[in-house]
Amino acid sequence: MWDDAKIKDFQETLLTWYDSEKRDLPWRRNHEPYHIWVSEIMLQQTQVNTVIPYYERFMDWFPTVESFASAPEERILKAWEGLGYYSRVRNMQKAAKQVVQDYAGQWPQTANELQNLVGIGPYTAGAIASIAFNEAVPAVDGNAFRVFSRLFEIEDDIVKPQTRVIFEHVIQQVISKERPGDFNQAIMDLGSSYMTAKNPDPEHSPVKRFNQAYLDGKELEFPVKSKKPRPVEMAYAALVIETDKGFLFEKRSSKGMLANLLAFPLLRVDDLKEKPDDELLTDELVIKLDQWSQENLNQPLVFSPLEGQMVKHTFTHQKWLIDLFVVKTKAFDLSYFPGEFILEKDFDQIAVPKVQQKIWDRYLSLSSNKF
DNA sequence: CAGCCGTGGTT
DNA sequence: TAACCAAGGCT
């Protein structure tokens, strides 16, 4: 471990660099906890350039924590459309209601208390506490893992949850007690510029003389990170049911993929083998779908396979292979089905996940090709 | 703890 | 293309 003089040297070197080179980001205009919070949740597993336009629009739509807490669910989901990990925004609204009701609109000011809010874990609590309230606590994200594993040649696997605690202890030793928020943000800027995962530039880094891994010629050996398994392939049938009142959307279950979002009904067909030409066995499947419609919609629909290439969509853990089946019919009673008919002109009012957009695009191209 | 939860960009 | 990466948290 470094001695006090080296720690002081590191802090001054880092913060001097940060003062002159820090990125101009919309959530760095002030230290409002609401602003910091929104940006930190958006930035979870999401790149800065992706977040910026979402952040600007979010603040336009929901200028205060009170306005966000009272917004309709469809509106907050729409604000999140395309960002992914949709439970983040639903948890955000729960947390906002906690702040408004349990804390009378006054945010808790320590990392420990902040973790009582839904969706705020160790990293986000540290980030908000240090940036908004100047508490000298670490904020261990992917950048911090990358930067400090290299500086100290820490070989623990960063995929393992307990490794975070090791890094917190190290960072607690070197963090600036005067400017903890700037210190944590400087580490993030460093991790996304000179100390990136794949093409780092340690030679020109402001902290290169503190970078033991670089000095030893082992920059790319850190951080140590075990590999994740490849996505599991799953076959689906997507049902495009068009009526005089609009297309049928299903409100998805509150658990699992794309929870609570609206989408065309999707049926797992994992017991059916794919044909070599990349299609499901449609004859068998059409019969199953007809049965499904009778049992779930109380409506004897007869589906037709929409011939053409299947839709493929890869998530972190799953790869979906989707064939389309269509039927045009008269609107029917939806009392026993969790869903609704939506006219095409109203599609832009609801939040749809990427895979749903792909299915719609494929439907449009295939059905227009017929004529 | 290990598995789950989206999307867009890069190589 | 497949694999990996990006300001993680929940169960």
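Colleague: Let's start with the hairpin: how many residues join β6 to β7?

Modeller: Bear in mind that this is a predicted model. Strand β6 covers residues 311-314 and pairs with β7 in the antiparallel sense. The hairpin between β6 and β7 passes through a connection of three residues.

Colleague: Over how many bridges do β6 and β7 pair, and which residue stands opposite His 313?

Modeller: The antiparallel pairing of β6 with β7 runs over four bridges. His 313 has its counterpart in β7, and that residue is Trp 320.

Colleague: Which strand runs parallel to β7, and how many bridges join the two?

Modeller: The parallel partner is β1, residues 232-243. In that pairing Ala 237 sits opposite Asp 323 of β7. So the strand is β1, and the number of bridges, going by DSSP pairing, is 11.

Colleague: And β5, does that run parallel or antiparallel to β7?

Modeller: Strand β5 spans residues 304-305, and two bridges tie it to β7. Ser 304 faces Val 326 across that pairing. The sense is antiparallel.

Colleague: Why is β7 described as largely enclosed by the rest of the structure?

Modeller: Strand β7 takes in residues 318-328, which makes 11 residues to look at. Buried here means under 20% relative accessible area. The strand is largely enclosed because the buried residues among those 11 number nine.

Colleague: On to the DNA. How many residues lie around strand B, and which come nearest?

Modeller: There are 22 residues around DNA strand B. By class, they split into eight nonpolar, 13 polar and one charged. The nearest are Tyr 86, Pro 161, Leu 258, Thr 316 and Lys 354.

Colleague: Which residue has a side-chain N or O atom 3.2 Å from a base nitrogen of DNA strand B?

Modeller: Backbone atoms reach other parts of this strand: a polar one of Leu 258 is 2.5 Å from a phosphate oxygen, and a polar one of Tyr 85 is 2.9 Å from a sugar or linking oxygen. For the base nitrogen, the side chain belongs to Thr 46.

Colleague: What share of the atoms of DNA strand C within 4 Å of the protein comes from sugar and phosphate?

Modeller: Strand C has 28 residues around it, with Gln 45, Gly 119, Thr 124, Asp 141 and Asn 143 coming nearest. Of the strand C atoms that come within 4 Å of the protein, sugar and phosphate make up 69%.

Colleague: How far is the side chain of Asp 141 from a sugar or linking oxygen of DNA strand C?

Modeller: Two other contacts with strand C are worth listing alongside. A polar side-chain atom of Glu 40 is 3.4 Å from a base nitrogen, and a backbone N or O atom of Gly 119 is 2.6 Å from a phosphate oxygen. For an N or O atom in the side chain of Asp 141, the distance is 2.4 Å.

Colleague: Asp 141 also lines the second largest cavity. Which element gives the most to that lining?

Modeller: The lining also includes Phe 148, Phe 183 and Met 188. The elements that give two or more residues to it are α9 (142-152) and α11 (180-191). The one giving the most, with four residues, is α11.

Colleague: Last one: about how much space lies in the second largest cavity?

Modeller: The structure holds two cavities of 30 Å³ or more. The lining of the second largest has seven nonpolar, one polar and one charged residues. Its space comes to about 40 Å³.

Key: Residues numbered from 1 in each chain as written. Chains lettered and ligands numbered in written order. Predicted model: local features only at pLDDT ≥ 70, side-chain atom pairs only at ≥ 80, totals over all residues. Heavy atoms only, no water. 1 Å grid on protein atoms, 1.4 Å probe; cavity = no way out; pocket = protein on both sides within 12 Å on 5 of 7 lines; lining within 4 Å. Points joined across faces, edges and corners; volume = space filled by probe spheres on them. Nonpolar A, V, L, I, M, F, W, Y, C, P; charged D, E, K, R; others polar. Near = heavy atom within 4 Å. Polar contact = N/O pair within 3.5 Å; in protein donor to acceptor, adjacent residues only side chain to side chain. Buried < 20%, exposed > 50% of the residue type's maximum accessible area, 1.4 Å probe, protein only.
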